[in-house]
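Visitor: I'd like to poke at the labels people put on a model like this one. Can you take me through where they come from?

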Amino acid sequence: MTATTIKSSGAPRPADRSQPSKSSPARRLTALGRAELTLLIRNRTALFVALLMPLVMVVATKSSLDSMDLGKAGMSVVEASMTAAIGMVLVLVVHLNLVSAYVARREELVLKRLRTGEVPDHEILAGTALPAVGLALTQCVLLVAGGVAFMDLGAPKRPDLLIAGIAIGVVLLAALAAVTAAITRTVESAQITTMPMFLVSVAGSGLLVPLELMPEKMASVCELLPLTGVMTLIRAGWLGGTDSADVTRAALTALVWSAVSLLAVRRWFRWEPRR
Amino acid sequence: MTTDQYVITANELRRSYAGGFEAVSGISFSVARGEIFALLGTNGAGKTSTVELLEGLAAPTAGRVRVLGHDPYRERPAVRPRIGVMLQEGGFPSDLTVAETARMWAGCTSGARPVPEALGLVGLAERAGVRVKQLSGGERRRLDLALALLGRPEVLFLDEPTTGLDAEGRRDTWDLVRALRDSGTTVLLTTHYLEEAESLADQLAIMHRGQIVTTGTPATVTASRPARIRFLLPDGVPAGRLPLGLHAGADGQRIEIRTHQLQESLEELLRWARESQIPLEGLDARSASLEEAFLEIAQTETAGA
């Protein structure tokens, strides 16, 4: 860096606005998402969690469901496992991944630095979430396509409900990831802080055991868990057969959880490391 | 004071933290368009707390800030595209390369320079393909500066821009900051290097314990301070033999004279020494420097607190 290099690259001209490249939300999100995707590809652990874990978990779910009598739930083992797989993708790819991503960026002071620029706070969080969300949506599409093509599952009965369920699920789990990141000090401890959400969802939101097979009191509690409403919408959307009162209640639960989580992010998200 | 003359104005700014600690205790200053303004102070003087208010990262507890005529905190979208910020401690994803980092930042910046141009400004062009985690501390500071310059800012905030740089890197950064100023950029920087403020700043303010204790040009701030002459008297020559007009202070044989007329005092001392045939060992005479002014202010304030 010498005076010559400054001259050769043109003296800085603050008044020169000849380039009309005004920053827009789309451009900013693309830039952040692209950087985050590069980071995801370079992080083997995160990539493994995002690509292989859902597959491993689907096999595990299926073998667990195989041993149950699903007659009461009104689903076949394949139906139950494929819909559970969508939930698993949401929990592992969106929640687990994003907690690590948010914590890593915060601890590296990247979030602090980004906040000095033109990007509004919600775009920083959304841009960081883009690759994980894109990956999760791709896997959901593959699961539905694969289920229909190779596993004799019918095409989704109510695609609108299926799409709504996945969409709300993505927003909800991304927001919950930001909340979880707030109580996570290091990337390593994210393995522990993400456990409650994972266990509660797998055990209580119908991923491993359909709610219909639970004792009634337990089921009514489990209906209120964050992911249960989303799962009900997904199953109603793909398999059909859920009455509209149940669908409405599920949608409401999911939306309330999303709203509360988004408020919690606003209130508690930490942009800088604790010192 | 009009807004088109002053791009930054601070009025009775205060900033308290949750614990009740007041980091900024009612400071006022203005920065004119196209000048380099340095906030000078020891660690903990309140420089960074002040700059964060100007950058719009936090709202002041009391008082008023205007940057380019806007409230930098409440009117972020109006201010941010026109300013560039380099934090004292900012970070970049360690697994991205220098060029990838700059590209990400360019995508988030209105009217961004081409990435190679920005990296060229700070001499990082050859390091474009290197991962951020492999950069030295100084290179990371320069990358930070490159990003602050990406949007061709009208106002540049640099919080300790040369901390961690070697002598050459520091000088290069100074040259770059001067070049930016000469092309019309207003620069507000903080530093605890007195040399930096003295050589770079058009205006400066010395902060101490959350307050501004002195402001002015480096010349006016130092002009009010006495110059000093130091030397050792040979054994057996008591300080009392020195001419009375010199107002010498003695610590054993070690003498210090403080004077506002350096030339006259020196002349008188040297004439006396020749006439009395007394050698003055380690003779050292210097005009007031910012450092002296700064140390004196810090000491006085500490004693007064």
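**Labels and their cut-offs**

Guide: Let's start in a loop: B:Glu160 sits between β6 (155–159) and α6 (167–182) of chain B. Helices here are DSSP runs of H or I with at least four residues, strands are E runs of at least two, and both are numbered from the N terminus. Bear in mind that this is a predicted model, where local features need pLDDT of at least 70, side-chain atom pairs count only at pLDDT 80 or more, and totals for chains, interfaces and linings use all residues. Residues are numbered from 1 along each chain as its sequence is written, and chains are lettered from A and ligands numbered from 1 in the order in which they are written.

Visitor: Why is B:Glu160 called buried?

Guide: A residue is buried if 20 or more other C-beta atoms lie within 10 Å of its own, exposed if 12 or fewer, and partly exposed in between, with C-beta atoms placed from the backbone. B:Glu160 has 21 other C-beta atoms within 10 Å, so it is buried.

Visitor: And B:Glu12, what makes that residue count as exposed?

Guide: Its count is 12 C-beta neighbours inside 10 Å, so B:Glu12 falls in the exposed class. B:Glu12 belongs to strand β1 (residues 6–16) of chain B.

Visitor: What is unusual about the backbone there?

Guide: Most residues other than glycine have a negative phi. B:Glu12 has a positive phi of about 50° although it is not a glycine. For B:Glu160 the phi is positive too, about 50°, and that residue is not a glycine either.

Visitor: How do you know that the side chains alternate along β10 of chain B?

Guide: In a regular strand the side chains alternate between the two faces of the sheet. In strand β10 (residues 227–232) of chain B, B:Ala227, B:Ile229 and B:Phe231 point to one face and are buried, while B:Arg228, B:Arg230 and B:Leu232 point to the other and are not.

Visitor: What makes β10(B) and β12 of chain B a pair?

Guide: Two strands pair if DSSP finds at least two bridges between them. Six bridges join β10(B) to strand β12 (residues 254–259), running antiparallel, so the condition is met. Strand β13 (residues 281–286) of chain B also pairs with β10(B) in the antiparallel sense, over four bridges. B:Arg230 has a bridge partner in each: B:Glu256 in β12(B) and B:Asp284 in β13(B).

Visitor: How is chain B divided into domains?

Guide: The bounds come from an automatic or database domain assignment. Domain 1 covers 6–90 + 151–222 and domain 2 covers 226–287. The C-alpha centres of domain 1 and domain 2 of chain B lie 41 Å apart. Of the 305 residues of chain B, 46% count as buried, and the chain has 10 helices and 13 strands.

Visitor: What makes a residue part of the contact of chain A with chain B?

Guide: Two residues are in contact if their C-beta atoms, placed from the backbone, lie within 7 Å. The contact takes 39 residues from chain A and 40 residues from chain B. On the side of chain A that touches chain B, the largest share, nine residues, comes from α2(A).

Visitor: Why is residues 77–104 of chain A called a "transmembrane region"?

Guide: That name comes from UniProt, in an unreviewed entry that lists 77–104 among other spans of chain A. Such annotations may be inferred rather than shown by experiment; UniProt positions are given in the numbering used here and feature names are shortened. In the model, residues 77–104 of chain A are 100% helix and 0% strand, with the end C-alpha atoms 38 Å apart.
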